[in-house]
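Please open the model in your viewer and keep the selection panel at hand. The tour below moves from one selection to the next and says what is there at each stop.

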Amino acid sequence: LSSHRRHSSPPPIDFHLPRKPRHEMTDEDMRQHVVQTLLETELKYVGSLRTLVKDYFSQLKKNNLIEPTLVEEIFFQVPVINLCHKRFNHEIRERADHWNGKTKLGDIFLQSFSTGILTCAYTAYINQI
């Protein structure tokens, strides 16, 4: 398998949050903190999915190290989940890059997780295991 390599990623959004106790944070401080945490977490998750797809799934398929049908079974839906989360991460980042006090993210969550490909992919993945 290929060696693990660092992938360049955009730096996390830094809202320059004040170092205040939680009870002293404004609603906007808390919103910014949640968005920053979401972006950092999603970036790590997308990185892990990318590693699974590029360093394991693709290499195992390409090099015929194990039976191709077994590779497909082990990594069932992971490439689709990876693509969907990359898109989700990109959309959240775009919104965060143009952040103001009225910025909303709910529509991105609804679009990404309520219907469509990602929901089907996770459902199929869970049913497979």
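Helices (H or I, at least four residues) and strands (E, at least two) are here DSSP runs, numbered from the N terminus. This is a predicted model, in which local features need pLDDT of at least 70 and side-chain atom pairs count only at pLDDT 80 or more, while totals for chains, interfaces and linings use all residues. Residues are numbered from 1 along each chain as its sequence is written, and side-chain values use heavy atoms, with hydrogens and water left out.

**The whole chain**

Begin with a cartoon of the protein chain, which has five helices and zero strands and follows the pattern α-α-α-α-α when read along the sequence. Of its 129 residues, 29% count as buried, where buried means under 20% relative accessible area, exposed means over 50%, and partly exposed lies in between (1.4 Å probe, protein chains only). Taking contact to mean heavy atoms within 4.5 Å, residues 24 or more positions apart account for 69% of the contacts with a separation of 6 or more.

**The loops on either side of H2**

Select Asn64, which is found in the loop between H1 and H2. Asn64 is not a glycine, yet it has a positive phi of about 50°, and with a relative accessible area of 53% it is exposed. Next select Gln77 in the loop between H2 and H3, another residue other than glycine with a positive phi, here near 75°.

Between these stops, Ile74 has its place in helix H2 (residues 68-74) and is partly exposed, with a relative accessible area of 46%. Add Ile129 to the selection: the C-alpha atoms of Ile74 and Ile129 are separated by 9.0 Å, although the two residues are 55 residues apart along the chain.

**H1 against H3**

Now show helix H1 (residues 27-63) together with H3; the two pack at an angle of about 150°, with their axes 9 Å apart. Axes are lines fitted to C-alpha atoms, for helices over the stretch in contact, and angles run from 0 to 180 degrees between N-to-C directions. H1 and H3 are therefore roughly antiparallel to each other, given that angles under 35 degrees count as roughly parallel, over 145 as roughly antiparallel, 65 to 115 as roughly perpendicular and the rest as oblique. Their crossing is left-handed, a word used if the near helix is turned anticlockwise from the far one by less than a right angle, with right-handed used if clockwise.

For the side chains in this contact, select residues including Leu39, Val46, Leu49 and Val53 in H1, and residues including Ile81, His85, Phe88 and Ile92 in H3. The residues of the contact of H1 with H3 divide into 16 nonpolar, three polar and four charged; Ala, Val, Leu, Ile, Met, Phe, Trp, Tyr, Cys and Pro count as nonpolar, Asp, Glu, Lys and Arg as charged, and the others, Gly among them, as polar.

**H3 against H5**

Keep H3 on screen and add helix H5 (residues 117-128), which packs with H3 at an angle of about 145°, the axes being 9 Å apart. H3 passes H5 in a left-handed crossing. Here Val78, Val80, Ile81, Cys84 and His85 in H3 meet Ile117, Leu118, Ala121, Tyr122 and Tyr125 in H5, and by class this contact has nine nonpolar, one polar and no charged residues.

**H3 against H4, and the aromatic cluster**

Replace H5 with H4, whose axis comes within 10 Å of that of H3 and crosses it at roughly 170°. That makes H3 roughly antiparallel to H4. The contact is made by His85, Phe88, Glu91, Ile92 and Arg95 of H3 and by Asp107, Ile108, Phe109, Gln111, Ser112 and Phe113 of H4; it has five nonpolar, three polar and three charged residues.

Which residues form one aromatic cluster? Select Phe88, Phe109 and Phe113. Rings of Phe, Tyr and Trp (its six-membered ring) pair if their centres lie within 6.5 Å, and planes under 30 degrees apart count as stacked, over 60 as edge-to-face and the rest as tilted. A search of the whole structure finds four aromatic pairs. In one of them, the rings of Phe88 and Phe109 have their centres 5.2 Å apart and their planes at 70°, so the pair is edge-to-face. This pair links distant parts of the chain, with Phe88 in helix H3 (residues 78-97) and Phe109 in helix H4 (residues 106-113), 21 residues apart. Phe88 is buried, with a relative accessible area of 2%, whereas Phe109 is partly exposed at 32%.

Phe109 also forms an aromatic pair with Phe113 that is tilted, at 6.1 Å centre to centre and 35° between the planes. Both of these residues lie in helix H4, four residues apart, about one turn of the helix, and Phe113 is partly exposed, with a relative accessible area of 32%.
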